[in-house]
Amino acid sequence: MRGAPKRSALPGFGLTMGLTLTWLSLLILIPLAGLFIKTTELSFTQFVDTVTSNRTLHALKISFGLAFLAALVNLVAGLLIVWALVRYRFPGRRIFDAIVDIPFALPTAVAGVALTALFAQKGWLGAPLAELGIKVAFTPLGIFIAMVFIGIPFVVRTVQPVLIDLEVEIEEAAACLGANRWQTVTRVILPSLTPAILTGFALAFARAVGEYGSVIFIAGNLPNVSEIAPLLIVIRLSEYRYADATAIAVVMLVTSFLIIFVLNRIQRWAQTRALAVG
Amino acid sequence: MKDSPQVTIEVRNIVKQFGAFRALDNVDLKVANGELLALLGPSGSGKTTLLRIIAGLDWPDAGEVSFDGENALARGAGERHVGFVFQHYALFRHMTVFENVAFGLRVQPRAVRKDEAAIRARVKELLDLVQLDWLAGRYPSQLSGGQRQRIALARALAIEPRILLLDEPFGALDAKVRKELRQWLRSLHEEINVTSIFVTHDQEEALEVANRVVVMDKGRIEQIGTPGDVYDNPATAFVHSFIGESIILPVDVSEGHVKLGSRVLNVDANGASGPSKLFVRRHDMHVGPVGEGAFDGTVRRVRSFGPIQRADIALNGDGDTLVEIDAPRDRNLTAGDIVSLQPRRYRIFAGRD
């Protein structure tokens, strides 16, 4: 029986692995490789000049900085929403639960138009805010709000199932041991949710970095003020400066990858603490 | 630990309703210092609800709970100094075993909190007590069920509880571990002597471990007594059928005569009257020659194991009634024998339901 394949209770490894690799290559790896290859049309100095130009740096700062802030806000707001949806029974709970998904489902352009109309100088919220001297539409603040809007479902949907599964007995045990409510939340509940919270944060952040549709309407897109990196890429493309566009894209790609990688490590670390094996 | 304060727990007229379901119906209970008490009953009998009310995890609709004469209902779970052990351990899975046990000491108000060295010493002492000091650095997911439950117990004891409450503590464990832990709980209780109440639906566990057993059914206490009492002198039909194996025969009692179908049995009515049930333990049914007992029957099937033989006997003249009895091995029975049966000990309780 030499050469006979190893028997397994779960056959199909070869087939599924092959399909997975092909699929991932076609959809992700090959296009990304193309991106890098295209960039090599630029000399190294050209590349550095492109990505360190004021306009590019500013756009990257706006995209990553605001996405990070928006993800932070979503983290806190998302946790509160999850808590309310999971722990309390109130009229309309299911409706609110469904509303959370709207930013997921809505075409981003629709969201952008809606937010712009709302926050424009004559909009329902824009007008009173303008009286207070706060301008939202066509400023970085507008970008930030759009990013918060599209990121909220990620935190809610990743943390929600974990909180539902968290046994009430854990909290009762903490209470019997004399922990007050604050101690129970900070020492028992939040640490149990940490891996899910980090995942939600990473997803919200990644989405906000890449967000285009909803942002460009409200951003105003002033170079060096409220221009996001994805838009700059589009502008370069429309100017037929393909290599410049891909250079910015490569920087975004690498930065995003590094950030997601670090978040992933932290999350892995938090998870092994919870489910420590060996 | 030896001088940890002990409490008399007193529960008076507790009523607890969940919607239309009455979980506890006027329950009274006193628990003496240092006692190891079992709350025994089928699921839905209210035993866990009673335990949770004592712990402060649930609140009764009416009635009183006091510890040493003090009203306990005025205090929350955290202020009652109660150690609670859950069926599914409820360990904090993001903390090591050590931190789990230390939790109760670390969350104390700053004014009374021990310093780090004292906390470490105390945790070490508790881990030694449950014989798991070598697991201090592990996480709960790395432990077996039995180990988890012992850590949960150590954690509950860390706050020097006035009472220890255990909710089906061995319910999630396999039979062998359950037996070991029973013995272990028994000897641990002798060592630390904290007033303890545990809930179980396993009669063997209750009878083997507890000093006293409280048998509950449908939100009421049916009987409170020593394990011997509840087994030998069941107070109600429920207790007789719930604890130990019983032969139960429907009888009619009129003018002191006990009738099974049309046949008058040679047994005493015990003061019952009307439609009743006759309860006999399997091993209390004496098998004799035909005509000498309360009823005659035909042996249908015999199995022998250990010191006994178990026989199915069909009662004569009453075709379908089959009783299962345990007879000593030396009383040779074979299928087809016609014998008589005489209950040596029996109880008759009025009512048929």
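B:Glu205 is buried, with just 2% relative accessible area, in this predicted model. Its side chain meets that of B:Arg182 in a salt bridge, at 3.9 Å from N to O. B:Arg182 is buried as well, at 3%. A search over all chains turns up 40 salt bridges in the whole structure, and a few of them are picked out below, along with a set of strands in chain B and one threonine in chain A.

**The B:Glu205 salt bridge and its network**
- B:Glu205 sits in helix α6 (residues 203–209) of chain B and B:Arg182 in helix α5 (residues 175–192) of chain B, so their salt bridge ties together parts 23 residues apart in sequence.
- Both residues belong to one network of salt bridges with shared partners, made up of B:Lys179, B:Arg182, B:Asp202, B:Glu204, B:Glu205 and B:Glu208.

**Other salt bridges**
- In chain B, the side chains of B:Arg122 and B:Glu160 pair up at 4.0 Å, N to O.
- That pair links distant parts of the chain, 38 residues apart: B:Arg122 is in helix α3 (residues 116–129), while B:Glu160 is in the loop between α4 (145–157) and β7 (163–167).
- The two ends sit in unlike surroundings: B:Arg122 is buried at 6% relative accessible area, whereas B:Glu160 is partly exposed at 36%.
- Over in chain A, A:Glu239 and A:Arg241 form a salt bridge through their side chains, with 3.2 Å from N to O.
- Here A:Glu239 counts as partly exposed at 36% relative accessibility, and A:Arg241 is partly exposed too, at 37%.

**Strands around β16 of chain B**
- Strand β16 (residues 295–305) of chain B pairs with β17 (residues 308–315) of chain B in the antiparallel sense, over eight bridges.
- These two strands make a hairpin with two residues between them, and B:Gly306 in the turn has a positive phi of about 55°.
- One of the bridges joins B:Phe305 to its partner B:Ile308 in β17.
- β16 also runs antiparallel to β19 (residues 338–343) of chain B, this time with four bridges.
- In that pairing, B:Thr298 has B:Ile338 of β19 as its bridge partner.

**A buried threonine in chain A**
- Where is A:Thr246 found? This residue lies in helix α13 (residues 242–275) of chain A.
- Why does A:Thr246 count as buried? Its relative accessibility is 12%, and the cut-off for buried is under 20%.
- Setting aside neighbours within four places in sequence, A:Thr246 is in contact with A:Leu35, A:Lys38 and A:Thr39.

Definitions and conventions:
Residues are numbered from 1 along each chain as its sequence is written. Chains are lettered from A and ligands numbered from 1 in the order in which they are written. This is a predicted model: local features need pLDDT of at least 70, side-chain atom pairs count only at pLDDT 80 or more; totals for chains, interfaces and linings use all residues. Side-chain values use heavy atoms; hydrogens and water are left out. Two strands pair if DSSP finds at least two bridges between them. Buried means under 20% relative accessible area, exposed over 50%, partly exposed in between (1.4 Å probe, protein chains only). Contact means heavy atoms within 4.5 Å.
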